[in-house]
Amino acid sequence: MPEAVIVSAVRTPIGTARKGTLAATPAEDLAVHVLREAVRRSGLAPERFDDVVFGETLYGGGDLARHAAVAAGMTHVPGVAVNRHCASSLTALGMAAAGIRAGSERAVVAGGANSSSLSPSLSWAPPHPPERRSPPTFPHTEDANDFTDLTVGWNVAQKYGLTRAEMDAWALRSHQRAVTATAVGLFDDEIAPIRVTRADGSVVEFAADEHPRATTTIEKMAALKPLRPEIEGYSITAGNACGSNDAAAALAVLADDLAREEGITALATVRAWASVGVDPKYTGVGAIDAATRVLGKAGLTAADIDLWEINEAFASVPVAACKVLGLDEAKVNVHGSGCSLGHPIAASGARMVTTLVHELRRRGGGLGLATMCAGGGQGGAVVVEVH
C-alpha cells in the first residue's frame, strides 16, 4: 500500500473579512490561486493529477473544487467539495490520503478556500422568524445552538475551569508569535502572494497576513468587554476569540512511489487522520477528542509529537487541550493561530498543516499534529511526519 506524501503546501495571506484586502475576492478565485500554485510547486504536470478535494463552508450549492479545477485548466479532474465546518480542509486532506493509500488515486490536491466577506446567509420565509441564520447541522436546544461563543468558547471554558486571564494571555501570545514570525519571514515559504483588484480598480499584491496586531497588550485585552455581559462570569471577548477571515490553502499529495519515480522530494508523510463527533453544546472538546483518536490511529502518544497546531476558534480550546493532554505550550501554535492569524473557516485546517510542514522542515524534521473543533459538535485531526 503506497504512502501518501505531501510534495507542496501553500496558502494565501489571510485577510480580515469585510474590511480587509480580500473582502471583494470570491472564494473561487482564492481556490484557483492556491490550486495552481500547489500544482506548480509540486513539480508534477497538471494532467497527472487525478482529483481535487477542497473544503468549503458557508455556501449553499456548487462545487468549489470542480470550479477551481476547470479554471486552472485541469478539466480532466472531477473535483469534490467537502463540508465539515471548521475541519473541512483537514477532512479534504484525509480523503486525499485515503484515496492514495487505497490505490484509487495517485496524485490529488487537497485544501480549502473561504470568503467570510462574501459568504451568503439564509433568511427564512414566514412563519419563521425573519433573522438570518445558518442551515442547521444539529437539532437546536437552549444549550446547543449556533452561538459558537457559547458552544465552543464559553461552555468549554466552564467545563475545564478556565479563567479569563488564562485565555487573554494565550491570545496575546498568539499575536506576539504571529507578528514575530511575519517580521522575520517565517511565513515566506508557505505564502503565495496574490494580486487583488480593489473596488476602485487599483491592483495590489497581497503578500502578508493582515489580522495579527503588533500593538495589542494584556491591558488592552483586559479592557475588552465580554460578548455577553448578561451572563454571570462570562469571559469570552473579541480578543480571546478568533477573527473572521478570508483565505485559501492547498497541498499536493502524491503516492510515495510516484514521487520517487518523478524525482520529486516529499516534504512530509500523512501518517493518520481522524474525525469525531461530540455533544454540540461542548463543540470545543472536538479538538481534544480528535487529537486523542488520531494519536491512537497513528500508534503514538502526545509526548511523541514535536509540534502542535490547535485551532484558536476561541483561546479556551487550546488552553483546555493543553491541560487535558498534558502539552508543553511552547510546542503549540508556535507562530500563532485563529486569535492572531485569523480563522478562514474552510481553509484553516489546510493552513495549519501547511504551517506545520514548513516549520518542521526548518527544524530538521519530526512529527506534527493539527487538530480543531468543528461546528455542530465535531472535530478533525491529522498527523504528519517530516523526515
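I started at the end of helix α8 (helices being DSSP runs of H or I, at least four residues, and strands runs of E, at least two, numbered from the N terminus). The residue that follows α8 is Gly299, and its phi is positive, near 70°. A note to self: this is a predicted model, where local features need pLDDT of at least 70, side-chain atom pairs count only at pLDDT 80 or more, and totals for chains, interfaces and linings use all residues. Residues are numbered from 1 along each chain as its sequence is written, and side-chain values use heavy atoms, with hydrogens and water left out.

Next I looked at α8 itself. Its 13 residues, 286-298, reach 18 Å from first C-alpha to last, close to the 18 Å expected at 1.5 Å a residue (1.5 Å times one less than the number of residues).

Which residues of α8 are buried? I found Gly286, Ala287, Ile288, Ala290, Ala291, Val294, Leu295 and Ala298 (buried means under 20% relative accessible area, with a 1.4 Å probe and protein chains only). They pack against the strands β11 (268-277), β12 (307-310), β13 (366-374) and β14 (378-386), and against helix α9 (316-325).

Then I stepped back to the protein chain. I noted ten helices and 14 strands. Of its 387 residues, 57% count as buried. Among contacts (heavy atoms within 4.5 Å) between residues at least 6 apart in sequence, 79% join residues at least 24 apart.

Last, I checked the overall extent: the C-alpha trace spans about 60 × 50 × 40 Å along its principal axes.

Methods: Buried < 20%, exposed > 50% of the residue type's maximum accessible area, 1.4 Å probe, protein only.
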